[in-house]
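Subject: Structure for you to look at

Hello,

Here is the structure I promised to send. Please open it beside this message and follow along.

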Amino acid sequence: MERLMKSVNITHRCFNKYHATRLKDYGIGGHQMIYIVRNCRHPGMKQDLLSKHISVNKSNVTRQLAALEKDGFIERKPSMEDKRSVLVYPTA
């Protein structure tokens, strides 16, 4: 099992490195791609649900979304139904 997990980890790092080189011109890191892809597939998703879908800590999701919002890739809006929730939308 340990060997399998090591292989998965190496594959994941290579995947991120490949995407980082391909997306470098756009100012996106390889690790940020999953946020953009998931958000484009599910626009208006709650930020905490996004955290669960990609299995990342909520604070890390908040940090990455703040960086993507600053660079103009996404926008976050408060939910009209639940003021504690934040909805994430892709930009054009």
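Start with one term: two strands pair if DSSP finds at least two bridges between them. Keep in mind also that this is a predicted model.

**The whole chain**

The protein chain has four helices and three strands. Read from the N terminus, the order is α-α-β-α-α-β-β. The C-alpha atoms fill a box of roughly 45 × 35 × 20 Å along the principal axes. There are 92 residues, and 27% of them are buried. About 6,900 Å² of the protein chain is exposed, with 55% of that area supplied by carbon and sulfur atoms.

Now the charges. The protein chain carries 17 positive and 8 negative side chains. The centres of these two sets are 7 Å apart.

Next, the contacts. Take those between residues at least 6 apart in sequence: 37% of them join residues at least 24 apart.

**The sheet**

In what order do the three strands lie in the sheet? The order is β1-β3-β2, the sheet is open, and the pairing is antiparallel. β1 (45–46) and β2 are at the edges. Each has a single partner strand, so one side of each has no neighbour in the sheet. As background, strands of a sheet pair through backbone hydrogen bonds, either parallel or antiparallel.

Look at the two pairings in turn. β1 and β3 are joined by two bridges. There, M45 has V88 of β3 as its bridge partner. β2 and β3 are joined by five bridges. In this pairing, K77 has L87 of β3 as its bridge partner.

**Three serines**

Find S79 first. This residue sits in the loop between β2 (74–78) and β3 (86–90). Is S79 buried or exposed? Its relative accessible area is 4%, and buried means under 20%. S79 is therefore buried, although it lies in a loop. What does its side chain reach? The side chain of S79 comes to 3.3 Å from the backbone nitrogen of E81. The backbone nitrogen of D82 is also reached, at 3.3 Å. Setting aside neighbours within four places in sequence, S79 is in contact with S85 and L87. L87 is the residue you met above as the bridge partner of K77.

Move to S51, in helix α3. S51 has 6% relative accessibility, so this residue counts as buried too. A polar atom of the S51 side chain lies 2.6 Å from the backbone oxygen of V56. V56 is also on the list of residues that S51 touches, along with N57, K58 and V61. That list leaves out residues up to four places away in sequence.

Last comes S55, in the loop between α3 (47–53) and α4 (58–70). Is S55 buried or exposed? Its relative accessibility is 67%, and exposed means over 50%. S55 therefore counts as exposed. Check its backbone as well. Phi of S55 is near 55°, a positive value in a residue other than glycine.

**To find them again**

For the sheet, begin at β3, which pairs with β1 over two bridges and with β2 over five. For the serines, compare S79 at 4%, S51 at 6% and S55 at 67%.

Best wishes

Definitions and conventions
Residues numbered from 1 in each chain as written. Predicted model: local features only at pLDDT ≥ 70, side-chain atom pairs only at ≥ 80, totals over all residues. Heavy atoms only, no water. Buried < 20%, exposed > 50% of the residue type's maximum accessible area, 1.4 Å probe, protein only. Polar contact = N/O pair within 3.5 Å; in protein donor to acceptor, adjacent residues only side chain to side chain. Contact = heavy atoms within 4.5 Å. Areas by Shrake-Rupley, 256 points an atom, 1.4 Å probe, with all protein chains shown as cover. Lys, Arg positive; Asp, Glu negative; His and termini not counted. Charge placed at Lys NZ, Arg CZ, Asp CG, Glu CD.
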